[in-house]
Every structure is written in structure tokens, then in C-alpha cells.
Amino acid sequence: MKNDLLHIGPLTIYGYGLMIGIGIIAAYQVLVTRAEKRQMERSHISSITLWGLLGGFLGAKLLYWITQGKNIMDHPEILWDMSTGFVVYGGILGGILTGYIYCRMKGLNFLQHLDLFVPSIALAQGFGRIGCLLAGCCYGEETHGWFGITFHESEFAPNDVKLIPTQILESVFSFGLFFVLIYLAKRKRTDGLITSLYLLLYSLGRFIIEFYRGDIIRGSVGILSTSQFISLLVIVITCLIMLAKSYQILRHRNT
């Protein structure tokens, strides 16, 4: 795996950035197509996308800074490096928050729009993890099994050591989650259901994959990695919200 894919004069095309770009374009095309079928205004979809990307970038960076608090004290230059150092959960939460603010300001149904967006988020994550594979970040633990990959020119993963391909595992999982959500979205009845399923399924999958990650520098909360701790929080909060909403629906039907 190699991150420097192509050199055109002084310009270098990096695999990580290329995959992120492809993921955003593919996710947006799917998003627009589904929005048109639902007769949802495209201008709002485009605006939410732009604000969501900005909020996601800031959220991913902020959560990375939080997890790297001790390292930042010794290496403050980390704060100025905008090319690396992002946490996916921060991006998800930051994007959702900015989308919520936009919908509130414009008087839009937030959950309806979020249900539209989350399958595309999963699709973009699938491409993003391919970028991680090319760059060598988010790598897995050392393994002696057949199902392993070896980096030779990575700036992040240990080179010349067979590692569990956690990037591939999460990429396949994210693509699979995208298709599941698209299928269920055609049959859903309640606003917020697709979002809840995304949060539950992604958090569960991420929690499991984290056991095989080898980049422990990302930080931890007790015996759990930071992402595992956040996964558990998201699962618990989402379940509580779903239970509360189900209770409200049943109560409304019985009155």
C-alpha cells in the first residue's frame, strides 16, 4: 500500500485524499438521487452537505485534539497540522450537530433529512477506510495468520510486519451497512428509524473492530479505547431515545 499515488510536477495525489474525495462525490450523488425521488428541495440538501462537511471536519479534529491532550502538551505543533489526525466519531457528531442547527434555522424536519443522509455517510466511510489502507493509518494488531497485510512504506503503521487489516474490515462493513440502510429506507415508517439503526449498527461494528486495532496511541478510557467508549455511549443513548419514542407512539395510539 502506498499513499503517494501520482506526481504531476510539484503536485502529489495522495491515496487518502483521493478516496475521501471519491467517497464524498459518490455519497452526494446517491443523496441527490434519493432526495429527488422524495421531492425534497435540492438547495437545502446541498447546503446541509456543505455545512455537514465543515462541522464534520471540525468535530473530527476537535475530538482528535481531545484524545491527544497529553501529546499536545509536548508537541504543540499537532494543533497546526490539518492534513492528518481525525477521529471518525467526532466527524459524525459534528456533522449531525451542524445539520441539526441548519434544519432548526430553516424550519425543516431534522430527522427526515438525517434519515436521508445517513446511508450516504456509511458509503463515504467505506471509501474513507480504503484511504486509510493506502495511507497505513488505523492499522490493526500484529498477526501471524493468513489474513494479514504488510506495509513497507507507511508513515503510520509499523513496516515489514504482518497486521490485521482493520481498514479493510471496516470498509467492507461500511459498504454493507450502506446497502442495508438503503434497503430498509424504502420500507421505513417513522422518522429517525434509519438514523437510529445506523448509529446502533455502526457503533456495534466499530466496537468489535476496535479489539483488533493496533494504534493504541489514539487514547483509551479504562480498558476500552476512546472509540469503544463512545460506541457504548451512542448505543445506550440511541436505545433510550428509541424506547422513549416508542412509548410516546403507543401512548398516542391508546388515547
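The paragraphs below lead through a predicted model, beginning at a hairpin and ending at a pocket. Because the model is predicted, local features are taken where pLDDT is at least 70 and side-chain atom pairs count only at pLDDT 80 or more, while totals for chains, interfaces and linings use all residues. Residues are numbered from 1 along each chain as its sequence is written, and side-chain values use heavy atoms, with hydrogens and water left out.

A good place to start is the pair of strands E1 (residues 4-8) and E2 (residues 11-14), which run antiparallel and are joined by four bridges. Strands (E, at least two residues) and helices (H or I, at least four residues) are DSSP runs numbered from the N terminus, and two strands are said to pair if DSSP finds at least two bridges between them. Within this pairing, Asp 4 has Tyr 14 in E2 as its bridge partner, and His 7 stands opposite Thr 12 in E2. The two strands form a hairpin with two residues between them, and Gly 9 in the turn has a positive phi of about 60 degrees.

Positive phi values also appear in residues other than glycine. One of these is Asp 160, with a phi near 60 degrees, placed in the loop between strand E3 (149-150) and strand E4 (162-163). Asp 160 counts as exposed, because its relative accessibility is 56% and exposed means over 50% relative accessible area, whereas buried means under 20% and partly exposed lies in between (1.4 Å probe, protein chains only). Cys 138 likewise has a positive phi, near 55 degrees, and it lies in the loop between H5 and strand E3. Cys 138 is buried, however, with a relative accessible area of 17%.

From Cys 138 the reader can cross to Asp 215, which sits in the loop between helix H7 (193-209) and strand E5 (220-221). Leaving aside neighbours within four places in sequence, Asp 215 is in contact (heavy atoms within 4.5 Å) with Cys 138 and Tyr 139. Asp 215 is buried, with a relative accessible area of 6%, and its side chain makes a polar contact with the side chain of Arg 213 at 2.9 Å. A polar contact is a pair of N or O atoms within 3.5 Å; within protein, one of them must be able to donate a hydrogen and the other to accept it, and residues adjacent in sequence count only if both atoms are side-chain atoms.

The helices offer further examples of how residues are placed. Gly 90 belongs to helix H4 and is buried, with a relative accessible area of 6%. Not counting residues up to four places away in sequence, Gly 90 touches Gly 56, Gly 59, Ala 60 and Leu 63. Gly 176, found in helix H6 (residues 166-185), counts as partly exposed at 31% relative accessibility. Its C-alpha atom is separated by 8.7 Å from that of Ala 122, although the two residues are 54 residues apart along the chain.

Ser 231 is found in helix H8 and is buried, with a relative accessible area of 0%. Beyond its neighbours within four places in sequence, Ser 231 is in contact with Tyr 89, Ser 203, Arg 206 and Phe 207. A polar atom of the Ser 231 side chain lies 3.5 Å from the backbone oxygen of Ser 203.

The last stop is an empty space. Rolling a probe the size of a water molecule over the atoms shows where empty space is left. On a 1 Å grid over the protein atoms alone, a pocket is an open set of points where a 1.4 Å probe fits, with protein on both sides within 12 Å along at least five of seven lines, and lining residues have an atom within 4 Å of a point. The second largest pocket is lined by 22 residues, of which Thr 195, Ser 196, Leu 199, Thr 238 and Ile 241 lie nearest its centre. The elements that give two or more residues to this lining are helix H4 (88-106), helix H5 (110-135), H7 and helix H8 (226-253), and H8 gives the most, with 10 residues.
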